[in-house]
Amino acid sequence: MALTLDEMSSKMTGETKVFDKRMASRIDELKWLYIELYHNDWMFAELVGQMGMFYGDRDGDLKKSDRYREQHPDWYEKNDKLGYMMYIDKFAGNLHGVRKKLPYLEDAGVNVIHLMPFLDTVKGESDGGYAVKDFRKVRPELGTMEDLKELAESCHKKDMCLCADFVMNHTSDQHEWAQKAKSGDGEYMSRYFFYDNDEIPRQFDETVPQVFPVTAPGNFTWIDEVGHFVMTSFHPYQWDLNYRNPRVFNEMVYNFLYLANHGIDIIRIDAVPYIWKELGTNCRNLPQVHTIVRMMRLITEIVCPGVLLLGEVVMAPERVVPYFGTVDRPECHMLYNVTTMATIWHTVATRDARLLRSQLDTVAALPKEYIFLNYLRCHDDIGWGLDYGFLAPQGIGEVSHKRYLNDFFMGKAGYSNSRGETYNDDPATGDARLCGTTASLCGIEKAGFEGDDEAMARAIDLDVMLHAYMLMQSGIPVLYSGDEIGQVNDYSYKEDPETAEDSRYLHRGKFRWNLEKHRRSTKSVEGRLFRRIRALEKIRAGHPAFLASADVWTINTYDDSVLGVGRFADGEKVYGLFNFSENEKTIWPAEEGAFRDLLTGDLTPLKEMKLQGYEFHLLKEE
């Protein structure tokens, strides 16, 4: 039924009051931070005006969702959340295809869908979509912004959230700003870091480490068209933005809000630590970064408070804590648990859970409001940024251990059944990163190729055990597309000239829909994985002990290969026991009482226990 003019006026007045109330409670801090950073009242006034316009353009259903989430600020901290990370084209062709596949994702228990970069880029120089040519246009082969909005609406009807990447640190060299800068337009050159000689670039290089020392060495690129060097931390075609310029901040905020208004619930801020540059520093994690992220949080709370900020900060859990901000001045809502992911694979290769236990103790000691995204694999490589200070007393050296880990997961050392490849192998430092799918790293690829049923059973057990541990952690668990059906490495990337030099495409293969249809089978690899992982997800969603607010601690199992974890919330206590060795282990957990196995329903006294290779238990206290 159409609204009358009076009803429309009343509704608009009510919405204005909501916006004004949010603004009034935050404007003083926002202005103080902005003026402290930029000393520009006029640009701040423009920002505030544009925030009002984006709020006015926001869809009514999104505003309704905003109000609900404001009233329930812990809505994303529940134990029923399960993420799923995908490349649109590789999963379903385009955005319309993803809409058609939502029933499959529902069946897998997924309710948080992370779309890997989909904004317009340049074929052959996209860095997997992270070199954005146009922040307000979807890559044509994937669809349109209207298709994105329709996907978001379909997700919201199914109580699913949509997550998208927002690349803040840089643009493609084909972006409109970069093109105008190449023509010598000073206004647009000021949006990047340009230098007419190499004096300052050389000074930066003295303190700034290289991101890709092998495939993209250096931090600057010479641009013939304008006769200047430009800062390019990642690749020569990705130009770093100059956030000292308030015009850059304002325009990128507008791009951010434009994306939010198309129904995105979670916006992943890419490469957060890099976004402020300062000569004489390593250009990482500088104080101004936190000022920028805090301003983005305030702007989000005013315009679209139902949207969450997810920070990509690749550091140990205790070191990423500043990016959560403080209780009274929060920054990111969520962060990636990158180091724990790497430590899980270290534990597989060493059969020693001591480092993993230590890191779990560290994470458990953090405020429960700090929400991490936990995963086994993602679109990127595995970097071995482990705690070598902890490992050193065990006789483990950094360089030699990284070499061992890479050899192990390539199937060359440590009685390994893994199949993977290295990425950015640096002969100067001996450093390299590791690529591969969860299934291939667990041995499913090798067992399948050799037709070894016994080895396949062990590999599946390892794969499921690792998922069980991921689901045991506090936060939001995330599946990488294909992991739920045991998808193995895709070596076809070597046949494409655009991807042949980037081994990360080993685990970025197309989703195998011809295999997905076997997920109901009790005999297929796909079915054996899908059913067991789905059962674990249901256990997590159905028990309060898995809430983010739960108390978490580790227990001594008296065997370094077996990790013991306790969780308690709402009167429920659950223990998880995980054998990271392929061999049988006997443990003596120092706990008493009767416990029921959440997978089998059997009563199990928690005393001396034998765990077969890669066996695990989830035990609820009776």
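# Pockets, salt bridges and a covered strand

Colleague: Which residues lie nearest the centre of the second largest pocket?
Modeller: This is a predicted model. In it, 34 residues line the second largest pocket. Those that lie nearest its centre are S126, G128, E498, T499 and Y505.

Colleague: How many residues of the lining of the second largest pocket are charged?
Modeller: The space in this pocket is about 910 Å³. Its lining divides into 8 nonpolar and 10 polar residues, and the charged ones number 16.

Colleague: How much space lies in the largest pocket?
Modeller: The lining of the largest pocket divides into 25 nonpolar, 10 polar and 15 charged residues. The space in the largest pocket is about 1500 Å³.

Colleague: Which residues are the closest to the centre of the largest pocket?
Modeller: The largest pocket is lined by 50 residues. Closest to its centre are V211, Y274, V314, G383 and R433.

Colleague: Which element gives the most to the lining of the largest pocket?
Modeller: At least two lining residues come from each of β11, α14 (338-350), α17 (398-409), β15 (421-426) and β16 (431-435). The element that gives the most, with 4 residues, is α14.

Colleague: How many salt bridges does a search of the whole structure find?
Modeller: Side chains of opposite charge can pair when their charged atoms come close. The cut-off used here is a nitrogen of Lys or Arg within 4 Å of a carboxyl oxygen of Asp or Glu. On that basis the number of salt bridges in the whole structure is 47.

Colleague: What is the N to O distance between K78 and D74?
Modeller: K78 is partly exposed, with a relative accessible area of 35%. D74 is also partly exposed, at 34%. Their side chains meet in a salt bridge, and the N to O distance is 3.3 Å.

Colleague: How many residues apart are K158 and E106?
Modeller: K158 and E106 form a salt bridge, with their closest N and O atoms 3.1 Å apart. The pair links distant parts of the chain: K158 is in the loop between α7 (145-157) and β5 (161-167), and E106 is in helix α6 (residues 102-107). The separation is 52 residues.

Colleague: Is D240, in its salt bridge with K277, buried or exposed?
Modeller: The closest N and O atoms of D240 and K277 are 3.1 Å apart. D240 lies in strand β10 (residues 238-240) and K277 in the loop between β11 (266-270) and α12 (287-303), so the salt bridge ties together parts 37 residues apart in sequence. Buried means under 20% relative accessible area. K277 is buried, and D240 is likewise buried.

Colleague: Which residues are linked with D107 in a network of salt bridges?
Modeller: The network joins D107 to one Glu and two Arg residues. They are E516, R519 and R520.

Colleague: Which residues of β17 are buried on the side opposite I476, V478 and Y480?
Modeller: In a regular strand the side chains alternate between the two faces of the sheet. Strand β17 (residues 476-480) is mostly covered, with 5 of its 5 residues buried. I476, V478 and Y480 are on one side, and on the other are P477 and L479.

Colleague: Which residue of β17 is the bridge partner of M85?
Modeller: Strand β1 (residues 83-86) pairs with β17 in the parallel sense, over 3 bridges. In β17, the partner of M85 is Y480.

Colleague: Which residue stands opposite V478 in β17?
Modeller: Strand β14 (residues 371-375) runs parallel to β17 and is joined to it by 3 bridges. Opposite V478 stands Y375.

Definitions and conventions. Residues numbered from 1 in each chain as written. Predicted model: local features only at pLDDT ≥ 70, side-chain atom pairs only at ≥ 80, totals over all residues. Heavy atoms only, no water. Buried < 20%, exposed > 50% of the residue type's maximum accessible area, 1.4 Å probe, protein only. Pairing = 2+ DSSP bridges. 1 Å grid on protein atoms, 1.4 Å probe; cavity = no way out; pocket = protein on both sides within 12 Å on 5 of 7 lines; lining within 4 Å. Points joined across faces, edges and corners; volume = space filled by probe spheres on them. Nonpolar A, V, L, I, M, F, W, Y, C, P; charged D, E, K, R; others polar.
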